[in-house]
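Subject: Structure for your review

Dear colleague,

Please find below the structure that I am handing over to you. My notes on it follow directly after.

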Amino acid sequence: MNFTTNEQLILASASPRRKELLQMLNIPFTIVTSDVVETSVTVDTAREYVTEVALLKARDVAKKCQGKCIIGADTIVVFNNQILHKPVSEEEAIEHLTKLAGNRHEVMTAVALILADGTEHTFVEVTSVLFKEISPQLIKAYVQTGDPFDKAGGYGIQTSGAMLVDRIEGDYNNVVGLPIATLVQKMLTLQLLKLPF
(Lines give C-alpha, C1' and ligand atoms only; values in the text may rest on other atoms or scores of the structure.)
Protein backbone atom coordinates (compact mmCIF):
# COMPACT_ATOMS: atom_id res chain seq x y z
CA MET A 1 0.00 0.00 0.00
CA ASN A 2 1.24 3.49 -0.80
CA PHE A 3 0.18 6.06 1.76
CA THR A 4 0.56 9.73 0.90
CA THR A 5 1.61 12.59 3.14
CA ASN A 6 1.94 16.35 2.92
CA GLU A 7 4.35 16.33 5.86
CA GLN A 8 8.13 16.28 5.88
CA LEU A 9 8.67 13.23 8.08
CA ILE A 10 11.82 12.77 10.12
CA LEU A 11 12.67 9.50 11.90
CA ALA A 12 14.69 10.40 14.99
CA SER A 13 16.48 7.05 15.17
CA ALA A 14 19.63 5.40 13.86
CA SER A 15 18.03 1.96 14.22
CA PRO A 16 18.14 0.03 10.93
CA ARG A 17 15.17 -1.99 12.20
CA ARG A 18 12.98 1.09 12.66
CA LYS A 19 14.07 2.37 9.26
CA GLU A 20 13.02 -0.91 7.58
CA LEU A 21 9.63 -0.93 9.34
CA LEU A 22 8.86 2.67 8.37
CA GLN A 23 9.94 1.98 4.78
CA MET A 24 7.10 -0.58 4.56
CA LEU A 25 4.66 2.36 4.39
CA ASN A 26 6.26 3.54 1.13
CA ILE A 27 6.33 7.17 2.29
CA PRO A 28 9.31 9.49 2.04
CA PHE A 29 11.14 10.21 5.28
CA THR A 30 14.58 11.36 6.38
CA ILE A 31 16.67 10.08 9.27
CA VAL A 32 18.17 12.56 11.73
CA THR A 33 19.65 11.05 14.88
CA SER A 34 19.52 12.56 18.35
CA ASP A 35 22.48 13.19 20.63
CA VAL A 36 20.70 12.70 23.94
CA VAL A 37 21.85 10.57 26.87
CA GLU A 38 19.00 8.13 27.48
CA THR A 39 20.03 7.25 31.03
CA SER A 40 19.66 10.90 32.09
CA VAL A 41 15.91 10.31 32.48
CA THR A 42 14.73 9.71 36.07
CA VAL A 43 11.08 8.77 36.59
CA ASP A 44 9.08 6.31 38.71
CA THR A 45 7.83 3.70 36.23
CA ALA A 46 9.11 1.87 33.15
CA ARG A 47 6.23 3.28 31.08
CA GLU A 48 7.13 6.84 32.12
CA TYR A 49 10.81 6.17 31.44
CA VAL A 50 10.33 4.86 27.89
CA THR A 51 7.93 7.71 27.09
CA GLU A 52 10.33 10.36 28.38
CA VAL A 53 13.26 8.89 26.42
CA ALA A 54 11.20 8.83 23.19
CA LEU A 55 10.21 12.47 23.81
CA LEU A 56 13.79 13.42 24.64
CA LYS A 57 15.00 12.01 21.30
CA ALA A 58 12.15 13.59 19.32
CA ARG A 59 12.56 17.01 20.96
CA ASP A 60 16.30 16.99 20.32
CA VAL A 61 15.73 16.34 16.60
CA ALA A 62 12.82 18.81 16.47
CA LYS A 63 15.25 21.58 17.45
CA LYS A 64 17.39 20.69 14.41
CA CYS A 65 14.45 20.24 12.01
CA GLN A 66 11.90 22.93 12.80
CA GLY A 67 8.60 22.85 10.93
CA LYS A 68 8.83 19.12 10.23
CA CYS A 69 7.07 16.09 11.73
CA ILE A 70 9.34 14.09 14.03
CA ILE A 71 8.91 10.40 14.90
CA GLY A 72 10.90 9.41 17.97
CA ALA A 73 10.89 5.97 19.59
CA ASP A 74 12.47 4.02 22.39
CA THR A 75 12.22 0.32 23.23
CA ILE A 76 12.88 -1.28 26.61
CA VAL A 77 12.70 -4.76 28.11
CA VAL A 78 11.08 -4.98 31.55
CA PHE A 79 11.45 -8.01 33.84
CA ASN A 80 10.06 -7.99 37.39
CA ASN A 81 9.65 -4.19 37.17
CA GLN A 82 13.35 -3.84 36.30
CA ILE A 83 14.47 -2.30 33.02
CA LEU A 84 17.10 -4.43 31.26
CA HIS A 85 19.07 -1.94 29.16
CA LYS A 86 21.37 -2.75 26.25
CA PRO A 87 24.20 -4.81 27.78
CA VAL A 88 27.64 -3.23 27.73
CA SER A 89 29.63 -6.42 28.42
CA GLU A 90 29.42 -10.17 27.87
CA GLU A 91 28.84 -10.60 31.60
CA GLU A 92 25.86 -8.24 31.58
CA ALA A 93 24.38 -9.87 28.48
CA ILE A 94 24.64 -13.30 30.11
CA GLU A 95 23.06 -11.88 33.29
CA HIS A 96 20.11 -10.42 31.32
CA LEU A 97 19.45 -13.61 29.36
CA THR A 98 19.79 -15.83 32.44
CA LYS A 99 17.06 -13.77 34.12
CA LEU A 100 14.80 -13.99 31.06
CA ALA A 101 15.30 -17.74 30.48
CA GLY A 102 12.06 -19.65 31.11
CA ASN A 103 10.28 -16.47 32.16
CA ARG A 104 7.88 -13.88 30.80
CA HIS A 105 8.88 -10.27 30.27
CA GLU A 106 7.42 -7.19 28.64
CA VAL A 107 8.77 -5.23 25.72
CA MET A 108 7.61 -1.61 25.74
CA THR A 109 8.06 0.78 22.84
CA ALA A 110 7.11 4.40 23.28
CA VAL A 111 6.55 6.52 20.18
CA ALA A 112 6.66 10.31 20.36
CA LEU A 113 5.26 12.34 17.48
CA ILE A 114 6.08 16.03 17.33
CA LEU A 115 4.04 17.79 14.66
CA ALA A 116 5.22 20.69 12.51
CA ASP A 117 3.45 23.13 14.86
CA GLY A 118 5.22 21.67 17.92
CA THR A 119 2.23 19.65 19.22
CA GLU A 120 3.34 16.44 20.96
CA HIS A 121 1.58 13.06 20.94
CA THR A 122 2.83 9.87 22.61
CA PHE A 123 1.72 6.26 23.00
CA VAL A 124 3.23 3.09 24.47
CA GLU A 125 2.79 -0.37 22.95
CA VAL A 126 3.41 -3.40 25.19
CA THR A 127 4.15 -6.95 24.02
CA SER A 128 4.50 -9.91 26.38
CA VAL A 129 7.36 -12.29 25.51
CA LEU A 130 7.92 -15.75 26.98
CA PHE A 131 11.42 -17.21 26.73
CA LYS A 132 12.20 -20.90 26.46
CA GLU A 133 14.31 -22.59 29.12
CA ILE A 134 17.83 -21.91 27.85
CA SER A 135 21.02 -23.67 28.88
CA PRO A 136 23.97 -21.59 30.10
CA GLN A 137 25.95 -22.99 27.15
CA LEU A 138 23.41 -21.69 24.60
CA ILE A 139 23.28 -18.30 26.32
CA LYS A 140 27.06 -18.02 26.20
CA ALA A 141 27.19 -19.11 22.54
CA TYR A 142 24.56 -16.53 21.60
CA VAL A 143 26.31 -13.75 23.52
CA GLN A 144 29.58 -14.56 21.74
CA THR A 145 27.93 -13.82 18.37
CA GLY A 146 27.87 -10.14 19.44
CA ASP A 147 24.16 -9.86 18.61
CA PRO A 148 22.96 -8.77 22.09
CA PHE A 149 24.99 -5.60 22.45
CA ASP A 150 22.83 -3.08 20.58
CA LYS A 151 19.52 -4.50 21.76
CA ALA A 152 17.36 -3.85 24.81
CA GLY A 153 17.36 -6.89 27.08
CA GLY A 154 20.29 -8.38 25.19
CA TYR A 155 18.47 -10.17 22.36
CA GLY A 156 17.01 -9.56 18.92
CA ILE A 157 13.78 -11.34 18.01
CA GLN A 158 14.46 -10.62 14.32
CA THR A 159 17.96 -12.14 14.46
CA SER A 160 19.31 -15.39 15.89
CA GLY A 161 17.83 -14.32 19.24
CA ALA A 162 14.57 -15.70 17.86
CA MET A 163 15.72 -19.16 19.01
CA LEU A 164 15.33 -18.01 22.63
CA VAL A 165 11.64 -17.06 22.28
CA ASP A 166 8.86 -19.53 23.04
CA ARG A 167 5.93 -17.22 22.16
CA ILE A 168 4.71 -13.66 22.23
CA GLU A 169 1.40 -11.96 22.97
CA GLY A 170 1.02 -8.70 21.10
CA ASP A 171 2.70 -6.90 18.23
CA TYR A 172 5.82 -8.66 16.89
CA ASN A 173 7.07 -5.44 15.27
CA ASN A 174 6.89 -3.75 18.65
CA VAL A 175 9.55 -6.19 19.88
CA VAL A 176 11.64 -5.41 16.80
CA GLY A 177 11.45 -1.72 17.74
CA LEU A 178 8.50 0.07 16.13
CA PRO A 179 4.78 -0.79 16.56
CA ILE A 180 3.98 0.04 12.97
CA ALA A 181 0.26 -0.93 13.11
CA THR A 182 -0.52 1.44 16.01
CA LEU A 183 1.73 4.12 14.49
CA VAL A 184 -0.21 4.02 11.19
CA GLN A 185 -3.53 4.34 13.04
CA LYS A 186 -2.21 7.29 15.03
CA MET A 187 -0.80 9.02 11.94
CA LEU A 188 -4.07 8.52 10.05
CA THR A 189 -6.03 9.97 12.99
CA LEU A 190 -3.71 12.99 13.11
CA GLN A 191 -3.97 13.28 9.29
CA LEU A 192 -0.21 12.91 8.91
CA LEU A 193 -0.90 10.05 6.49
CA LYS A 194 -3.59 9.75 3.87
CA LEU A 195 -4.98 6.67 2.18
CA PRO A 196 -4.21 6.44 -1.55
CA PHE A 197 -7.80 6.94 -2.72
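Is Leu195 buried, partly exposed or exposed? Leu195 counts as partly exposed, because its relative accessibility is 37% and the partly exposed class lies between the limits of 20% and 50%. Please bear in mind that this is a predicted model.

Leu195 is found in the segment that follows helix α6 (180-189). Together with Met1 and Phe197, Leu195 makes up a nonpolar patch on the surface. The accessible area of these three residues together is about 400 Å².

The strands deserve a separate paragraph. Strand β5, which spans residues 104-114, is mostly covered, with 9 of its 11 residues buried. On one side of the pairing list is strand β3 (residues 69-79), which runs antiparallel to β5 and is joined to it by 9 bridges. Within this pairing, Ile71 stands opposite Leu113 of β5. Strand β6 (residues 120-131) also pairs with β5 in the antiparallel sense, here over 11 bridges. One of the bridge partnerships here links Glu106 with Ser128 in β6. β5 and β6 form a hairpin, and 5 residues lie between the two strands. In the turn of that hairpin, Gly118 has a positive phi of about 95°. As a general point, side chains in a regular strand alternate between the two faces of the sheet.

Next comes a position that carries an annotation. Asp74 is covered by the UniProt annotation "active site", which comes from an unreviewed entry. This residue, Asp74, lies in strand β3. Is Asp74 buried or exposed? Asp74 is buried, because its relative accessible area is 4%, and the limit for a buried residue is under 20%. The side chain of Asp74 is joined to that of Lys57 by a polar contact of 3.0 Å.

A further lysine may also be of interest to you. Lys151 is located in the loop between α4 (136-143) and β7 (165-169). With a relative accessibility of 7%, Lys151 counts as buried. A polar atom of the Lys151 side chain lies 3.0 Å from the backbone oxygen of Asp147.

In short, the items to look at in the model are the patch of Met1, Leu195 and Phe197, the hairpin of β5 and β6, the annotated residue Asp74 and the buried Lys151.

Yours sincerely,

A colleague

Key. Residues numbered from 1 in each chain as written. Predicted model: local features only at pLDDT ≥ 70, side-chain atom pairs only at ≥ 80, totals over all residues. Heavy atoms only, no water. Buried < 20%, exposed > 50% of the residue type's maximum accessible area, 1.4 Å probe, protein only. Helix = DSSP H or I, 4+ residues; strand = E, 2+ residues; numbered from the N terminus. Pairing = 2+ DSSP bridges. UniProt positions renumbered as here; feature names shortened; annotations may be inferred. Polar contact = N/O pair within 3.5 Å; in protein donor to acceptor, adjacent residues only side chain to side chain. Patch = residues over 30% accessible without salt bridge, like charges linked within 9 Å, V, L, I, M, F, W, Y side chains within 5 Å. Areas by Shrake-Rupley, 256 points an atom, 1.4 Å probe, with all protein chains shown as cover. Salt bridge = Lys/Arg side-chain N within 4 Å of Asp/Glu carboxyl O.
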